[in-house]
Amino acid sequence: MRLAFILVCMQIESGLALPIGGDAFFLDVYRCLEFAKAIENSANQVWVGRQYTYERKTGCECQPRFAATHTKFWD
């Protein structure tokens, strides 16, 4: 077992987890946070006039978990 970080994304309004098709494990918390920010920004951008505005529709976080040694890590 290894200590890793799992990326969890949720819809703010319903509180349900987004179906991403699997678990995204990272060994480096900073790399996990990069993906979390990218997903939040891309899912929350709305084009208004000449600029983007952000609405909080999606929230992502990195939670510490123990993962098996044969787990695929994304960093």
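Are Cys 32 and Cys 62 buried or exposed? Both residues are buried. The points below concern a predicted model.

1. Disulfide count and pattern. The model contains two disulfides. With bonded cysteines counted along the chain, their connectivity follows the pattern 1-3, 2-4.

2. The link of Cys 9 and Cys 60. A disulfide joins Cys 9 to Cys 60, with an S to S distance of 2.3 Å. This distance satisfies the criterion, because a disulfide is taken as a pair of cysteine sulfur atoms within 2.5 Å. Cys 9 belongs to strand E1 (residues 2–11) and Cys 60 to strand E5 (residues 58–67), so the bond ties together parts that are 51 residues apart in sequence. The torsion about the S-S bond is about 110°, and the disulfide of Cys 9 and Cys 60 is therefore right-handed. Cys 9 and Cys 60 are both buried.

3. The link of Cys 32 and Cys 62. The sulfur atoms of Cys 32 and Cys 62 lie 2.2 Å apart and form a disulfide. Cys 32 is placed in helix H1 (residues 29–44) and Cys 62 in strand E5, so this pair connects parts that are 30 residues apart in sequence. The torsion about the S-S bond of Cys 32 and Cys 62 is -105°, and the link is left-handed.

4. The largest nonpolar core. In soluble globular proteins, nonpolar side chains tend to be buried together. Here the largest nonpolar core has nine residues: Phe 5, Leu 7, Cys 9, Ala 24, Phe 26, Cys 32, Ala 36, Cys 60 and Cys 62. Two or more residues of this core come from each of E1, H1 and E5. E1 gives the largest share, three residues.

5. Surroundings of Cys 32, and another core. Leaving aside neighbours within four places in sequence, Cys 32 is in contact with Phe 5, Ile 6, Leu 7, Phe 26 and Cys 62. Apart from the largest core lies another core, of six residues, including Val 8, Phe 25, Ala 67 and Phe 73.

6. Glu 40. This residue deserves a separate remark. Glu 40 lies in helix H1 and has a relative accessible area of 18%. Glu 40 is classed as buried because that term applies under 20% relative accessible area. With neighbours within four places in sequence set aside, the contacts of Glu 40 are Arg 56, Thr 58, Gly 59 and Cys 60. Cys 60, one of these contacts, is also the disulfide partner of Cys 9.

7. The salt bridge. Side chains of opposite charge can pair when their charged atoms come close. The count for this model is one salt bridge. Arg 31 forms a salt bridge with Glu 34, and the closest N and O atoms are 3.1 Å apart. The two residues are three residues apart in helix H1, so about one helical turn separates Arg 31 from Glu 34. Arg 31 is partly exposed, with a relative accessible area of 33%. Glu 34 is partly exposed as well, at 48%.

8. The nonpolar surface patch. Met 1, Leu 3 and Phe 66 make a nonpolar surface patch of about 390 Å². Met 1 is located in the segment before E1. The relative accessible area of Met 1 is 68%, and the residue is therefore exposed.

How values were computed:
Residues numbered from 1 in each chain as written. Predicted model: local features only at pLDDT ≥ 70, side-chain atom pairs only at ≥ 80, totals over all residues. Heavy atoms only, no water. Helix = DSSP H or I, 4+ residues; strand = E, 2+ residues; numbered from the N terminus. Buried < 20%, exposed > 50% of the residue type's maximum accessible area, 1.4 Å probe, protein only. Patch = residues over 30% accessible without salt bridge, like charges linked within 9 Å, V, L, I, M, F, W, Y side chains within 5 Å. Areas by Shrake-Rupley, 256 points an atom, 1.4 Å probe, with all protein chains shown as cover. Salt bridge = Lys/Arg side-chain N within 4 Å of Asp/Glu carboxyl O. Contact = heavy atoms within 4.5 Å. Core = buried A, V, L, I, M, F, W, Y, C linked by side-chain atoms within 4.5 Å.
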